[in-house]
Amino acid sequence: MPLAGNGGYRVRRYTLDFDWRAPRTPFEAGATISATATQALSRFDLDFAGNALHHVTVDGAPATAERDGDELVVTPAKPIPRGRTFTVRVAYTADPTQGRHRDDAIQDYGWVPTADGTVVCAQPDGARMIFPADDHPSLRAPVTFRITTPAGLSAVANGRLVGTTRRPDGRVRWTYDSEQPIAPQLVQLAIGKFTFVDSRGPHGLPVRDVVADGLVADTEAYRSLTPEHLEWLEQRLGPYPFHRYGVLVGDTDLPVALETQSLSVVPRDDLLGDRVDAERNLVHELTHHWTGDSVAIRRWSDLWLSEGHARFYERLYSGEHGGVSMESAMRAAYEQHDQWRHDEGAPAEPTEATLFKVMRYDGSALVLFALREKVGEEKFGRIERAWATTFRGRAAGTADFVALASRVAGEDLKPFLTPWLYGAHTPPMPGHPDWQVDPVED
């Protein structure tokens, strides 16, 4: 994804204003972006797709703005010196029907309409359909959301509800603060007839589920397991890295759950069926808050670190709570690994088209399983806790993981991990000489 993100500046804060009217109906929106120039800028780009653009200002002065595919090229009235903080304001009409499709686990993404509102699934590059952004997984900034809804509807977004203001016409403005920097792909804003369900997790952590009216009772049994999941993961990855958590259950057919920061969106059907399957999805998205949300990936090629960790702990938890054992799941993945390498690239070598294919999930969890078998459970546990804590709130990549694992384990793991991550063929599994890889079929 070579065009993801932009150079020349760093965003300090996004402030987003949405004047929501009705489902599938365009509405007025605005984005205020505070940024610092990292070089002298005669012009700069924002990632921004679709939507009807009205006008752009830089530091209050009208600026020229031109479309170039998914890029919005902004030329300010005066060049911006290096080191200068500047403010961009973009006024536009947002289109809540705007979405795109991928032929992998993501499927349909962008705005996801519901009967009475919307939820958002921006991963991997859908944030630009929601607001103008520096849309790259390693680039994060705090976000203030100001969402105005008709009476009778609620709005929710990442982070803390700062307050609500009722306007003379009966409409309500909801203000949220993300509290911590957030990557555009992990932004969540949802509108609908919701019930807010408050509880507490470990150490008094605020847990707020946001559930479409009519689904509260039917999803309560699995949603109530979140404190147990938090405690289980903290034992393995260290303290939960954000100020709050919750699950967003929209009344819509979401193709996949998503780890939107501090408020994971989970398809309703995931919480209405089998407990083992429900817990797998809940633990998966929660794990991402350590690996993927808090420890961001440096580039999309590092996605195996995010999805592989989430699948590893999902499988580990499930094997301990009535699901298929970890070893059985990993042996099945091992058998198919050469085929996945052939079809989808090695774990750390995806293409854009194969980014969210199974190799980045079970195929990448297998790399972590192999590392555990190589160094032993005790050292592996120390590697994992060090990974989540050393890079907390930072972006890190594959080379960072290999270096950290080597340091913690007390041995150079690069010769071991390189063929697992980049090789054309699956290496032998430590401790399991009887495991065999199935032949590749074209």
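The residues that line the largest pocket of this predicted model divide into seven nonpolar, four polar and eight charged. The volume of this pocket is about 280 Å³, and of the 19 residues that line the largest pocket, those closest to its centre are Val 256, Asn 281, Glu 285, Arg 311 and Tyr 361. Two elements, helix H3 (275–287) and helix H4, give two or more residues to the lining, and the largest share, five residues, comes from H3.

Helix H4 (303–320) also belongs to the surroundings of helix H9, because what covers the buried residues of H9 includes H4 together with helix H5 (326–344), helix H6 (362–375) and helix H8 (398–409).

Within H9 itself, which spans residues 414–422, the buried residues are Phe 416, Leu 417, Trp 420 and Leu 421. Seen down the axis of H9, these buried residues fall within an arc of 110°, so they line one face of the helix. In general, an α-helix has 3.6 residues a turn, so residues three or four places apart point the same way. The face of H9 turned away from its buried side carries Lys 414 and Pro 415, both of which are exposed.

Elsewhere, the model contains an open sheet of eight strands with mixed pairing, and its order is E5-E4-E8-E2-E1-E12-E15-E14. At the edges stand strand E5 (61–62) and strand E14 (160–166), each of which pairs on one side only. Further in, strand E12 (residues 143–149) and strand E15 (residues 172–177) run antiparallel and are joined by six bridges, and among the bridge partners are Thr 148 and, in E15, Arg 173.

Some loops hold backbone features that deserve a separate look. Most residues other than glycine have a negative phi, and most peptide bonds are trans. The peptide bond from Gln 123 to Pro 124, however, is cis, with omega near 0°, and Pro 124 lies in the loop between strand E11 (118–121) and E12. Two residues other than glycine with a positive phi, Asp 59 and Ser 262, are set side by side below.

| Residue | Phi | Loop | Relative accessible area |
|---|---|---|---|
| Asp 59 | near 50° | between strand E4 (52–58) and E5 | 47%, partly exposed |
| Ser 262 | near 75° | between strand E19 (247–249) and strand E20 (264–265) | 8%, buried |

Asp 59 is thus found in a loop that leads to the edge strand E5, and Asp 59 is partly exposed, whereas Ser 262 is buried.

How values were computed: Residues are numbered from 1 along each chain as its sequence is written. This is a predicted model: local features need pLDDT of at least 70, side-chain atom pairs count only at pLDDT 80 or more; totals for chains, interfaces and linings use all residues. Side-chain values use heavy atoms; hydrogens and water are left out. Two strands pair if DSSP finds at least two bridges between them. Helices (H or I, at least four residues) and strands (E, at least two) are DSSP runs, numbered from the N terminus. Buried means under 20% relative accessible area, exposed over 50%, partly exposed in between (1.4 Å probe, protein chains only). The arc is that of the directions from the helix axis to the C-beta atoms. Contact means heavy atoms within 4.5 Å. On a 1 Å grid over the protein atoms alone, a cavity is a set of points where a 1.4 Å probe fits but cannot get out, and a pocket is an open set with protein on both sides within 12 Å along at least five of seven lines; lining residues have an atom within 4 Å of a point. Grid points are joined across faces, edges and corners, and a volume is the space filled by probe spheres set on the points. Ala, Val, Leu, Ile, Met, Phe, Trp, Tyr, Cys and Pro count as nonpolar, Asp, Glu, Lys and Arg as charged, and the others, Gly among them, as polar.
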